[in-house]
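Biologist: I am new to this one. Please show me the model, and let me ask how each label was earned.

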Amino acid sequence: MGIYLNPGNDQFRRMLRSKIYVDKSDLIAYTNDVIDSDMAYLCVSRPRRFGKSTAANMLCAYYTNGADSESLFKHQKIAQLSSFHEHLNKHHVLMLNIQQFIRGAKTPDNFVNYIEQKVLNEVKEQYKDVIKETETSLPDALTSVYFKTQDDSPGFIFIIDEWDCIFREMKNNETIQKAYLDFLRDLLKDRVYVKLAYMTGILPIKKYGTHSALNIFEEFSMTDSKGLAPFIGFTENEVKQLCADYHMEFDEAQQWYDGYTFGDDLHIYNPKSIVDAMRNQRFKSYWTRTETYEALRIYIDMNFDGLKDAIISMVGGEVHRINPEKFQNDMTSFESKDDVLTLLVHLGYLAYDERKQNVFIPNMEIAGEFRNAIDGSKGWERLAKILRDSEDLLESTLNLDQDAVAQGIDKIHTENISILSYNNENSLSCVITLAYFYARKNYLLIREFPSGKGFADIVFLPIKSVNSPAILVELKWDQSAKGALTQIKDRRYVDALKDYSGNIILVAINYNKKSKRHDCIIEEYSL
């Protein structure tokens with residue numbers, strides 16, 4: 001076994017010994033179907049700690065010639081399929097972790113040459129009877145191996161992990177980026193020795209002009225997930241099973257970590273967060289702790305028209321429509337707010353609805369990261385104050401202090417934030433959601449909740465581990481709070497909460513256009 005050429009199955013073996021391991025071997029069935037075809041070039045981009053390297057190590061263990069991995073897979077789903085033995089440990093694998101090459105190269109100018117020479121030296125050592133000692137080209141060396149050892153070598157499978165790290169760590173060095181892309185294109189494109197190329201990263205493949213330097217690849221990204229979506233990250237059913245195994249509340253896991261949706265309502269969870277929550281027996285932010293919130297702050301502070309309003313509306317629970325097609329798949333070529341928001345999708349700070357082309361903050365873990373980025377940041381002081389005051393507003397609501405609630409919402413409306421200037425009931429709903437931001441710590445917030453003979457505007461359902469009443473909010477625009485309360489009762493909105501065992505707090509809020517004030521009525525209701 002080598003470092004790059006046929007590195008074996010040790011990494012995958014260690015993964016299997018982890019306390020929590022979720023079988024993702026269905027991915028192998030997909031890659032087996034495309035081996036040695038025009039579809040054999042796959043690029044999977046997902047946020048950090050989403051299971052990309054785990055999948056790459058699994059593929060390496062399965063395909064690597066001489067690794068003897070049958071015992072590692074015999075209890076996994078792939079072992080039940082007819083294609084299992086067809087490719088098991090029968091291919092030569094070149095496994096390249098680009099992050100490691102960056103560290104080893106030491107200087108950017110040496111980066112591409114360092115990759116080629118390190119891999120070439122190992123290939124030469126393995127095939128010294130085939131490759132000339134004077135050979136300096138890795139593609140030429142692999143071509144020689146392929147044609148001179150066809151009986152023994154069925155070609156090469158390339159697994160390239162962290163393929164895009166150069167675009168993140170050398171984000172302003174376009175010369176090195178282009179040289180790197182040219183190297184990959186020369187190594188992989190139109191080469192008969194390539195039987196499968198599987199790349200993983202955070203960013204999709206970099207575009208230059210109207211064309212991609214690696215247009216041979218089919219991309220599976222956060223904005224275009226396609227068939228590989230269930231294999232990278234945990235599915236909802238897998239999370240439900242882990243919650244059952246570890247005696248954790250799935251509803252709470254949903255609130256903290258759900259929100260990334262793909263295709264026809266497939267929900268994918270970040271494995272890092274789920275595994276840490278199960279092991280620690282506590283729901284809190286885990287994934288965001290792997291990177292400081294300053295990284296998010298850099299992007300939300302960018303000066304593009306409409307970006308700040310979009311961020312504020314999403315913190316307030318709204319969705320925002322974008323066009324992700326113009327994004328150049330790097331971290332510097334921004335021309336509009338849509339480019340910035342698309343990057344935040346690929347980084348995992350926003351979720352994306354492929355059907356509606358909407359972006360939104362997916363869950364409480366990420367909402368907390370936005371709050372951290374906003375708090376103390378220049379230009380965000382007014383919104384930061386709203387979020388800090390939201391704890392007092394929730395307390396006033398639970399104490400049935402309707403005057404304090406009305407006054408608290410009045411303060412938000414006078415903060416002179418353009419996106420919160422009222423022009424309809426939806427704007428009012430955004431303000432109320434911001435006002436109760438703190439409630440997300442202990443409540444599941446549902447807007448347009450189906451109730452009785454209609455839809456309640458906002459419902460706060462307490463998580464099971466919290467002994468708090470549910471809160472049902474009805475909003476009116478230039479009418480009356482009394483009318484809102486009457487609507488709650490007449491349309492039997494509380495009927496939808498009949499399975500809830502505690503009391504319910506009914507909150508009726510109206511905004512008066514003439515006085516530019518809110519009036520509020522709060523009552524406690526017992527089921």
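Modeller: What follows is a set of short questions on labels and the values behind them.

Modeller: This is a predicted model, where local features need pLDDT of at least 70, side-chain atom pairs count only at pLDDT 80 or more, and totals for chains, interfaces and linings use all residues. Residues are numbered from 1 along each chain as its sequence is written, and side-chain values use heavy atoms, with hydrogens and water left out.

Biologist: How many aromatic pairs does the structure hold?

Modeller: The structure holds 24 aromatic pairs. Rings of Phe, Tyr and Trp (its six-membered ring) pair if their centres lie within 6.5 Å; planes under 30 degrees apart count as stacked, over 60 as edge-to-face and the rest as tilted.

Biologist: Why is the pair of Phe 158 and Tyr 193 called tilted?

Modeller: The centres of Phe 158 and Tyr 193 are 6.1 Å apart, and the planes meet at 40°. That distance is within 6.5 Å, and the angle is neither under 30 nor over 60 degrees, so the pair is tilted.

Biologist: What makes this pair a tie between parts of the chain?

Modeller: Phe 158 is in strand β3 (residues 156-161), while Tyr 193 is in the loop between α10 (174-188) and β4 (194-201), so the pair ties together parts 35 residues apart in sequence. Helices (H or I, at least four residues) and strands (E, at least two) are DSSP runs, numbered from the N terminus.

Biologist: Why is the pair of Trp 256 and Tyr 257 called tilted?

Modeller: The ring centres of Trp 256 and Tyr 257 are 6.1 Å apart and their planes stand at 40°, so this pair is tilted.

Biologist: Are Trp 256 and Tyr 257 buried or exposed?

Modeller: Buried means under 20% relative accessible area, exposed over 50%, partly exposed in between (1.4 Å probe, protein chains only). Trp 256 has 13% relative accessibility, so it counts as buried. Tyr 257 is buried, at 1%. Phe 158 is buried at 0%, and Tyr 193 is buried at 0%.

Biologist: How do you know that Arg 48 lies over the face of Trp 287?

Modeller: A charge sits over a ring if NZ of Lys or CZ of Arg is within 6 Å of the ring centre and within 35 degrees of the ring normal. Arg 48 is 4.2 Å from the ring centre of Trp 287 and lies over its face. The charged end of Lys 308 sits over the ring of Trp 380, 5.0 Å from its centre.

Biologist: What makes helix α3 largely enclosed?

Modeller: Of the 12 residues of α3, 10 are buried, so the rest of the structure largely encloses it. Among them are Ala 55, Met 58, Leu 59 and Cys 60.

Biologist: How many disulfides does the structure hold?

Modeller: The structure holds zero disulfides. A disulfide is a pair of cysteine sulfur atoms within 2.5 Å. The closest cysteine sulfur to that of Cys 60 is in Cys 165, 18 Å away, so it is too far for a bond. Cys 60 is buried, at 5% relative accessible area.

Biologist: Why is strand β1 called largely enclosed?

Modeller: Five of the five residues of β1 (residues 41-45) are buried, so the rest of the structure largely encloses it. Tyr 41, Cys 43 and Ser 45 point one way, and Leu 42 and Val 44 the other way.

Biologist: How do you know that β1 and β4 pair?

Modeller: Two strands pair if DSSP finds at least two bridges between them. β1 and β4 have five bridges, in the parallel sense. Tyr 41 stands opposite Ala 197 in β4. β1 also pairs with strand β7 (residues 218-220), parallel, over three bridges. There, Leu 42 has Glu 218 as its bridge partner.
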